[in-house]
Amino acid sequence: MKGEPDFLQNLRDEMGGGRQWLDRAVVIAYAVLTGLAVVGFTLLADAAIDLYGRLRNGWWWAPLVWTPALTALIVWTIRRWAPGAVGSGVPQVLTALAPETPLSERSRFVSLKLSVAKVFGVSGGLLAGLSVGRQGPSVQVAAGVMLHARRWLSPASGIGDRELLVAGGAAGIAAAFNTPLGGIVFAIEELSRRLQDRSSGLMLAAIVVAGLVAVSAFGNLSYFGRVRADAVSWWGLLAPGALVALACGLLGGLLSRLMLASFTGLPDRFCAYRRKRPVSFAAMCGLVVAVIAVVSDGAAVGVGHAHTKELLDQVADSGSAHQPLVFTGLKFVASWLSAWAGVPGGVFGPSLSLGAGVGADVAWLLNSPHGAALIALGMCGFLAAVTQTPITAMIIVMEMTDGHNMVLSLMACALLASLVSRMISRPLYSTMSLLMMRSLRDRTDAGARPEPIGR
């Protein structure tokens, strides 16, 4: 029948042409480099966390001096040399993907230089003891590495900047969480709803390869360890699970709204002082975070994965060392102030830690025997509420969980938390991206030099 695929011709098209295979090799090679970049980022971030922990354990008062001083230094350095590395990194990738962004301005949001600055900036923030994550920044880091492949591809490859940015950003999530499927879903749900048919298979392969590099380096384990939740009936989780979802939706939506308000700036004295003296303001935020670190004995700062593991261990051992509501409140404030300070850092890791705290709080309030399951639901719900990407949140937490017996519960929690969050706040990443594009357009129209991105 006319119009049907010609198998032999399509086979010749796919197999023939040395240049075509060279382009494919370039993409796969850069996928490996992307995975290695995230692995190196992870090792450096872990080393920074360990060094800060030893400093705090050696001198309890050290964070009161160390944290504000290093926070101010990071903000000054980033604003001067790499302003595009400020913040999470996901909005920058979205802005680079936007058709409205001129090609000449794309390097202000994603580039190899910004990837390097992001790695050291986030690691510096963790060394300072701030409540920031590395998973979101891994998106910008990986996108910058993958975009560099464009100079080696032929014009006939059919692979453009958009495909490389999407593949790189998704590969960053896949490698950061050791969840290749989560990276693919993130590419579809957040970064792009379409890829060119001609290159989609190769781009998906690149995402999986980057994820497998991380799995090869660290084993098939997540950054937060394995959440082992026994099979629980729907009825056993219905009431406490709904409470976890509602609490995560409210708190996650509030955190997202506060971050957007901090990003845009409000007509109040704090934002006015931040605009006038950003370095001094960063030091003030660092001082408050340092006080929280002292009060919480370090539990409420950093990424938070250590405290999450402690919560899970306490549940397994029927321990009662968890301080209900205290950790969640302190971690919430520390995460907000760390973002407001203007340092490079993401919210994926802190959101998972906050969600674990919410789940543990609800288990304590209701005296539920399903603590591990509620912690998993909390991690999923809070991440879905902050990012408003429920499918990605569900897939990431599911891949961090032994077995798939909680898939429906995780999905229900993610959808409900995301719905509640949408009633409180606009989508965090896409709104920040729109504000970046608006600022870029306004400054370009005025003929002035654009101000630092993500101020």
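## A walk through an all-helix model

There are zero disulfides here, where a disulfide would be a pair of cysteine sulfur atoms within 2.5 Å. Why does Cys-248 not form one? The closest cysteine sulfur belongs to Cys-413, and at 5.8 Å from the sulfur of Cys-248 it is too far for a bond. Cys-248 is buried at a relative accessible area of 0%, and Cys-271 is also buried, at 4% relative accessibility. (Buried means under 20% relative accessible area, exposed over 50%, and partly exposed in between, with a 1.4 Å probe and protein chains only.)

Some ground rules before going on. This is a predicted model, so local features need pLDDT of at least 70 and side-chain atom pairs count only at pLDDT 80 or more, while totals for chains, interfaces and linings use all residues. Residues are numbered from 1 along each chain as its sequence is written, and side-chain values use heavy atoms, with hydrogens and water left out.

Now the overall picture. The protein has 19 helices and zero strands; these are DSSP runs numbered from the N terminus, with helices being H or I of at least four residues and strands being E of at least two. Of its 455 residues, 56% count as buried. Contact means heavy atoms within 4.5 Å, and among contacts between residues at least 6 apart in sequence, 82% join residues at least 24 apart.

Take helix α18 next, residues 407-422. Its 16 residues should span 22 Å at 1.5 Å a residue, and the end C-alpha atoms are indeed 22 Å apart; the expected span is 1.5 Å times one less than the number of residues. Which residues of α18 are buried? They are Ser-409, Leu-410, Cys-413, Ala-414, Ala-417, Ser-418, Val-420 and Ser-421. They sit on the same side of α18, because they cover an arc of only 160 degrees around the axis, taking the arc from the directions between the helix axis and the C-beta atoms. The general background is that an α-helix has 3.6 residues a turn, so residues three or four places apart point the same way.

Ala-245, in helix α10 (residues 234-264), is a partner of α18. Leaving out residues up to four places away in sequence, Ala-245 touches Cys-413, Leu-416 and Ala-417. Ala-245 is buried, at a relative accessible area of 1%. Its C-alpha atom is 9.7 Å from that of Leu-410, although the two residues are 165 apart along the chain.

Leu-410 turns up again in the largest nonpolar core. A nonpolar core is a set of buried Ala, Val, Leu, Ile, Met, Phe, Trp, Tyr and Cys residues joined through side-chain atoms within 4.5 Å. This one has 85 residues, of which Val-110, Phe-348, Leu-377, Leu-410 and Leu-428 touch the most other members. Helix α16 (residues 371-387) gives the most to this core, with twelve residues. Leu-428 touches Ser-256, Met-259, Leu-260, Val-347 and Val-386, not counting residues up to four places away in sequence. A second, separate core of 32 residues includes Ala-82, Val-119, Phe-281 and Leu-337.

Helix α4, residues 90-97, is largely enclosed by the rest of the structure, because eight of its eight residues are buried. One of them, Gln-92, is touched by a buried lysine, Lys-118. Lys-118 lies in helix α5 (residues 112-128) and has 0% relative accessibility. What does the side chain of Lys-118 reach? It reaches the backbone oxygen of Ala-85, at 2.8 Å. Beyond four places in sequence, the residues Lys-118 touches also include Phe-41, Gly-87, Pro-137 and Pro-344.

For an exposed residue, look at Trp-81 in helix α3 (residues 62-81), with a relative accessible area of 52%. Leaving aside neighbours within four places in sequence, Trp-81 is in contact with Trp-76 and Lys-113. The C-alpha atoms of Trp-81 and Leu-114, 33 residues apart along the chain, are separated by 9.5 Å.

Finally, a couple of backbone oddities. Most residues other than glycine have a negative phi. Asn-367 has a positive phi of about 50 degrees, and Gln-388 has one of about 55 degrees. Asn-367 is in the loop between α15 (348-365) and α16, while Gln-388 is in the loop between α16 and α17 (390-399). Are they buried or exposed? Asn-367 is exposed at 69% relative accessibility, whereas Gln-388 is buried at 5%.

Technical notes
Polar contact = N/O pair within 3.5 Å; in protein donor to acceptor, adjacent residues only side chain to side chain.
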